[in-house]
Every structure is written in structure tokens, then in C-alpha cells.
Amino acid sequence: FCWSDPVLDPPVWLAYLLTLLTRPSYPTCPLFLFTATKPRSGKDLLFYLAETVVLGRQARHVPADKAPEEVEKIINTLLRGGVTPIILGDAEQLGGGTVFQLITEPDATTLRVLGESAEIPVPPCLILGATGNQPRFQKGDLFGRMLNLHLDSDTPTPENRHFMKDQDQLIGWFRAERPRLLATAINIVRGFLHAQKTAPDTIV
């Protein structure tokens, strides 16, 4: 992957994977935002690979390039069904409607439907993600409620890059190796909990 920062970006992907593994062990969860300079750089693939390891399936993706009212209606329907994770694809802006409420009110158990008296239950294990090519933000305080990684390809056609494994082969490898990868992820969590128990003052 064409990480913009090879030191900081991969841990954000790992954080998403470990969040999938450990929710709802904690009351709040950040928005995971995977952005890129150009389309077809691998943002959705990164989400899918983490979900393959933990869930064995793809999260529910919502095309966020539709009208805001339509996107909000889709998300409301998914929340009513207890669907999680929810990934907003190709988001041009973040911070409006239901999504803004979910991010800024992480302790909320229900959301009120605008213009109605009905309330929507928020799953306690809800995880939100989003992809976008340099999306705009309606609210500045969103930056403190999200984890962001950025892909920056040095070619105008990222989809034409060549690797040892193409996308289908990479997905197939993750599926085949899922038991080993999942066990490794669990061991990371176990190691953290052990370190926290034996030396709590050293854990940040």
C-alpha cells in the first residue's frame, strides 16, 4: 500500500482491526477515516482485509456520494437493524446529520429522527468508518474523534500498479490465513493486557 507515512499509517489500520476484535469492551469508539490523494488507491481494500481477519465478512458499505438525506436514511435503517460496522464510501464531507451525531455523541444509546418523535437504537458495538479523496469537514472538532490514515500514490493511475499479489490474490491469501492472522491479533491484545496488569504505570 502507498502509505503517506509508513510509520504512522499502518498502525491506524491495525487499530481498526483490533477495534473490530475488542468492541464493545469500551464505551466510545473513534471514526476510522481512510483517505487518499487519488481514487483506486486501496482504501476500501484496507477495510476489507481487516474485516476478513476478524469478521470473516465485509462490513456494510454505504455510498456516501449520494444526496445527504438519502445517506442519512440508509444509515438510520442500518441502525434500526443493529448493523455494524458501517463504512461510508467516497465521502465528500463529514460532520452532518446522523453521522455527526454518532461521532459527537459517542455515549448515546438512541438517536432522535429529525422531524419525527421516533428514536433509533445505537448498537453498543457500533464501529464507523469512512473513505474519501480529500473530504471536507463540516466541524473542526471531528479531528479529535477520528483516526486517519492516508494513501498517497506517486502515479495518476494507482489501479495499474503491479505487486507480487493482485487484489483477488491478496484477499484470497487473507481468507486462507485467517486462523493464523486472527490468533496473532488475539495475542497482541493478550500481550497488552498482560503488560498492563504487570506494569500498569508504563502503559500509555
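Two strands count as paired when DSSP finds at least two bridges between them. With that in hand, we can walk through this predicted model, starting at one edge of its sheet.

## The sheet, strand by strand

E2 and E3 are joined by four bridges and run parallel. Within this pair, Val62 has Leu88 of E3 as its bridge partner. Between the two strands the chain passes through H3, and this β-α-β crossover is right-handed.

Moving on from E3, three bridges connect it to strand E7, residues 128-132, again in parallel. Here Ile87 stands opposite Gly129 of E7. In a regular strand the side chains alternate between the two faces of the sheet. E3 shows such a division: Ile86 and Leu88 point one way, while Ile87 and Gly89 point the other way. All four of these residues are buried.

How many strands form the open sheet, and in what order? There are five, arranged E2-E3-E7-E1-E9, with parallel pairing. Strand E2 (60-63) and strand E9 (146-151) stand at the edges with a single partner strand each, so one side of each has no neighbour in the sheet. On average, neighbouring strands are turned by 20° against each other, direction ignored.

Towards the E9 edge, E1 (residues 31-36) and E9 run parallel and are joined by six bridges. Phe34 has Leu149 of E9 as its bridge partner. Helix H1 (residues 9-22) packs on the sheet, where it touches E1, strand E3 (86-89) and E9. The direction of H1 makes about 130° with that of E9.

The strand pairs with stated bridge counts are gathered here.

| Strand pair | Bridges | Direction | Citation |
|---|---|---|---|
| E2 and E3 | four bridges | parallel | |
| E3 and E7 | three bridges | parallel | |
| E1 and E9 | six bridges | parallel | |

## Two nonpolar cores

In soluble globular proteins, nonpolar side chains tend to be buried together. The largest nonpolar core in this model has 31 residues, and Trp13, Tyr16, Leu17 and Phe34 have the most contacts inside it. The elements giving two or more residues to this core are H1, E1, H2, E9, helix H5 (167-176) and helix H6 (178-198). H2 gives the most, with eight residues.

Phe34 is a good place to look at this core up close. Leaving out residues up to four places away in sequence, Phe34 touches a set of residues that includes Val12, Trp13, Tyr16, Leu46, Phe47 and Leu149. Apart from the largest core lies another one, of 25 residues, among them Ile86, Leu102, Leu111 and Val122.

## Two covered helices

Why is H2 described as largely enclosed by the rest of the structure? Eleven of its twelve residues are buried, so the helix is largely surrounded. Among the buried residues of H2 are Leu45, Leu46, Phe47, Tyr48 and Leu49, and also the charged-side-chain names Lys43 and Glu51. The length of H2 fits a helix as well: at 1.5 Å a residue, residues 43-54 should span 16 Å, and the end C-alpha atoms are 18 Å apart, which agrees. After H2 comes Gly56, whose phi is positive, near 75°.

Helix H4 (residues 97-104) is mostly covered too, with six of its eight residues buried. These are Thr98, Val99, Gln101, Leu102, Ile103 and Thr104. They pack against E1, H3, E3, strand E5 (110-112) and E7.

## Loops worth a look

Two peptide bonds in the loops are cis. The bond from Arg23 to Pro24 has omega near 0°, and Pro24 lies in the loop between H1 and E1. The bond from Thr84 to Pro85 has omega near -5°, and Pro85 is in the loop between helix H3 (68-80) and E3.

Asp90 sits in the loop between E3 and strand E4 (93-94). Its phi is near 55°, a positive value in a residue other than glycine. Is Asp90 buried or partly exposed? With a relative accessible area of 39%, Asp90 is partly exposed.

Asp152 belongs to the loop between E9 and H5 and, at 39% relative accessibility, also counts as partly exposed. Asp152 touches Cys2, Ser4 and Thr37, not counting residues up to four places away in sequence. The C-alpha atoms of Asp152 and Asp5 are 8.8 Å apart, although 147 residues separate the two along the chain.

Notes. Residues numbered from 1 in each chain as written. Predicted model: local features only at pLDDT ≥ 70, side-chain atom pairs only at ≥ 80, totals over all residues. Heavy atoms only, no water. Expected span 1.5 Å × (residues − 1). Buried < 20%, exposed > 50% of the residue type's maximum accessible area, 1.4 Å probe, protein only. Axes fitted to C-alpha atoms, helices over the stretch in contact; angles between N-to-C directions. Contact = heavy atoms within 4.5 Å. Core = buried A, V, L, I, M, F, W, Y, C linked by side-chain atoms within 4.5 Å. Right-handed = clockwise from strand over helix to strand, strands pointing away.
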